[in-house]
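Visitor: I would like a close look at one part of this model, the place where its chains meet, and then a walk outward from there. Please take your time over it.

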Amino acid sequence: MFAEFKHTLRRLRGQMTGWGIGLALYGLMMVSLFDSIVSIEGFEELIASYPPELLAFFGDMMAITTPKGYIDIYYFNYMTVIVGIFVVGASASLLLGDEEKGILDLVMAHPISRTALFLGRWLGFVAATAVILLVGWLSWFIPSGSSGMGLTWIEFLRPFLPLFAVLLLFGTLALLLSMLMPSARVAGMVTGGFLVADYLLMGLSNTNQDIKSIVKFTPLYYYQGGAAITELNWEWLAGLLAVSAVLALLAWWRFQRRDIRVGGEGGWRWPFFSSFRRV
Amino acid sequence: MLALWRVIREADPALTLVGEWQSPARRELGAVREVTMTESIALVAQKLTKSYGQVRALRGVDLKVRRGEIFGFLGPNGAGKTTTIRCLLDLIRPDGGTVRVLGIDPQADPVAVRARVGYLPGELNLESNLKVEGALRYFNDLRGNNTDWSFVRQLAERLELDLTMPIRNLSKGNKQKIGVVQALMPHPELLLLDEPTAGLDPLMQQEVYRLLREAQADGATVFFSSHIISEVEALAERVAIIREGVIVEEAEPSQLVSMAMRHLWVRFKKVVDPTPLAAVKGITLLSQSKDTGVHLQVEGEMDGLIKALAAFPVRDFEIERPSLEEIFLAYYKAGAKEEN
């Protein structure tokens with residue numbers, strides 16, 4: 001399992017570097033801009049002049065001049081979608097990508113169990129996501145001493161935990177769908193579409209009560225974002241992690257039972273029925 | 001019936017009726033016999049079936065490969081060669097039948113099977129962003145990092161494989177060499193090779209044959225599929241032909257060749273009447289040239305023809321070796337006749 005974990009991290013190192021540098025530069029820029037933005041005269045009036053629907057979409061826009069509101073609106077509000085691109089793409093092709101390229105056939109002919117292969121790769125992906133977010137956290141925390149944000153390292157860290165949990169959930173969902181759908185591409189598109197739709201619904205639910213009753217059944221409803229700076233909702237965090245664990249368990253179960261293809265994209269199957277047919 | 005059973009039992013005390021009580025001593029004798037059988041058989045497949053949707057890839061494959069032999073697995077594209085090999089490694093699950101590899105059920109303990117098997121897939125794909133050595137070290141990691149690296153270097157040298165090259169820059173033949181090295185490097189007890197020399201030049205093919213013979217001399221069993229009859233003849237001690245998911249023949253390569261039709265050109269010292277030759281069983285006179293030559297078609301053993309030719313003043317004699325297609329054709333015709 002460790003060999004696969006190490007190999008997965010090595011394969012993801014390019015993406016980890018790229019995303020890490022991107023997030024670090026963005027974090028540094030936003031910290032350095034904080035003092036200037038909040039000191040703009042009439043900034044709050046300018047925000048208040050925005051259409052109410054737009055203000056509602058992004059949550060409490062009037063709090064933008066506070067460190068908590070600033071980080072929430074300029075970072076955690078849409079980081080689920082931004083880093084979600086990495087998470088969904090990497091996870092959907094974690095196993096199926098190699099299968100489509102015909103690489104998995106030879107890998108699995110070596111003395112490694114399906115469980116060890118699955119866990120090695122999934123944990124590698126989890127570690128890669130954690131490293132990217134760690135860089136993101138450092139990019140806020142380290143330069144914040146020279147700004148007027150006045151938040152501690154733990155306050156900066158807290159909102160990264162639900163971000164990690166919700167990204168893990170979408171990543172694991174992409175992995176599960178890759179076990180059920182014909183190709184990694186389709187699994188990635190479906191999960192990515194669900195993530196974006198959930199993000200839009202969450203924004204719209206601030207103006208529409210009917211939508212609010214729907215979004216309660218979606219993952220982003222339980223994502224705190226910048227609100228976790230002051231108080232972390234441990235129940236929501238545990239819930240997101242628990243759902244991720246269940247999704248991972250289902251993906252593992254499917255992987256145990258599937259035939260490994262020699263290459264190329266597959267077709268639609270009836271996985272749940274065929275799984276009971278194991279010889 | 002009981003009397004018959006007693007006679008059989010006297011000949012083989014380990015035999016029992018289903019459900020019959022066995023004394024501990026007899027059970028032990030049976031177990032010893034089973035162990036002996038397992039020790040002498042490298043792989044066995046019985047009534048193996050596998051379908052992909054509506055396509056029945058395997059329709060009851062029965063196969064037995066002895067330990068230490070080089071076994072060729074022949075069949076046209078889509079006959080079920082690759083599917084059979086992949087069932088042996090639990091890469092795909094058969095719909096029915098049983099498989100034992102080195103005495104182990106691959107579905108029950110795939111890791112134990114794979115730890116003792118070296119595999120070369122028919123369509124070899126490798127991570128293109130790795131270097132040759134990086135890919136081999138990754139495979140070594142998966143095997144618990146217990147490969148003798150000097151042996152890997154020796155294999156690479158013999159196959160003229162540059163370990164420092166990025167895989168993306170390699171030709172198909174050079175990638176195939178990586179496949180051969182990774183299969184051989186753990187000194188496996190059993191080699192499952194799906195077209196091992198595909199893409200290699202003739203010199204490298206010969207080197208691979210030498211490597212496989214050396215592996216056999218070290219005690220390994222080699223099971224390989226091929227489309228090349230000369231390769232099968234050069235390497236294999238026994239051969240199985242698979243046709244539409246069923247093994248239609250198990251034989252020695254020379255027997256296979258003798259079953260197929262061959263073409264024979266004979267030049268005589270003077271003009272002769274070839275009628276006695278055409279009268280030999282399995283011989284058809286295809287043409288007679290104006291001078292002293294005849295073109296014959298031979299089906300089955302050559303013995304009768306050779307004896308008949310002894311009575312003729314032969315100047316020259318040329319046999320065209322049958323192609324694999326012609327061998328398949330012979331079996332397909334035989335199979336079709338049986339079905340009719």
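How many residues does the contact take from chain A, and how many from chain B?

Guide: The model is a predicted one, and in it the contact draws 19 residues from chain A and 23 residues from chain B. On the side of chain A that touches chain B, the elements giving two or more residues are α1 (2–11) and α7 (104–107) of chain A. Sorted by class, that side of chain A holds 10 nonpolar, 5 polar and 4 charged residues.

Before going further, it is worth asking how confident the predictor is in chain A. Its mean pLDDT is 88, with 94% of the residues of chain A reaching 70 or more. Within chain A, confidence is highest in helix α10 (residues 160–180), at 96, and lowest in helix α14 (residues 271–274), at a mean of 51. Over residues 275–279 of chain A the pLDDT stays under 50, and for this stretch the model has 7 contacts beyond four places in sequence.

Helix α10(A) also appears in the nonpolar interior, to which we can now turn. The largest nonpolar core has 144 residues, and the ones with the most contacts inside it are Val181(B), Leu190(B), Leu192(B), Val222(B) and Phe223(B). The largest share of this core, 15 residues, nevertheless comes from α10(A). Another core lies apart from it, with 6 residues, among them Val266(B), Leu296(B), Val298(B) and Leu305(B). To return to Val222(B), its contacts, leaving aside residues up to four places away in sequence, are Ile70(B), Phe71(B), Leu191(B), Leu193(B), Leu212(B), Ala215(B) and Gln216(B).

Val298(B), one of the residues of the smaller core of 6 residues, leads to a pair of strands, for it stands opposite Ile283(B) and belongs to β12(B). Strand β11 (residues 283–288) of chain B pairs with strand β12 (residues 293–299) of chain B in the antiparallel sense, over 5 bridges, and a hairpin of 4 residues joins β11(B) to β12(B).

Chain B as a whole contains 13 helices and 13 strands, and 34% of its 340 residues count as buried. Of the contacts in chain B with a separation of 6 or more, 68% are between residues 24 or more positions apart. Leu256(B), in helix α10 (residues 253–259) of chain B, gives an example of such a distant pairing: Leu256(B) and Ile327(B) are 71 residues apart in sequence, yet 6.9 Å apart in space from C-alpha to C-alpha. Apart from residues up to four places away in sequence, Leu256(B) touches Val239(B), Ala251(B) and Ile327(B). Leu256(B) counts as buried because 26 other C-beta atoms lie within 10 Å, where 20 or more are required.

Elsewhere in chain B there is an open sheet of 3 strands, ordered β2-β1-β4, with antiparallel pairing. Its edge strands are β2 (55–66) and β4 (96–101) of chain B, each of which pairs on one side only, and neighbouring strands of the sheet are turned by 15 degrees against each other on average, direction ignored. Strand β1 (residues 41–52) of chain B is joined to the antiparallel β4(B) by 5 bridges, and Gln46(B) has Thr98(B) in β4(B) as its bridge partner. Across β1, β2 and β4 of chain B lies helix α3 (residues 81–88) of chain B, which runs at about 115 degrees to β1(B).

Note on methods: Residues numbered from 1 in each chain as written. Chains lettered and ligands numbered in written order. Predicted model: local features only at pLDDT ≥ 70, side-chain atom pairs only at ≥ 80, totals over all residues. Pairing = 2+ DSSP bridges. Axes fitted to C-alpha atoms, helices over the stretch in contact; angles between N-to-C directions. Contact = placed C-beta atoms within 7 Å. Buried ≥ 20, exposed ≤ 12 C-beta atoms within 10 Å, placed from the backbone. Nonpolar A, V, L, I, M, F, W, Y, C, P; charged D, E, K, R; others polar. pLDDT = per-residue confidence, 0-100. Core = buried A, V, L, I, M, F, W, Y, C linked by C-beta atoms within 7 Å.
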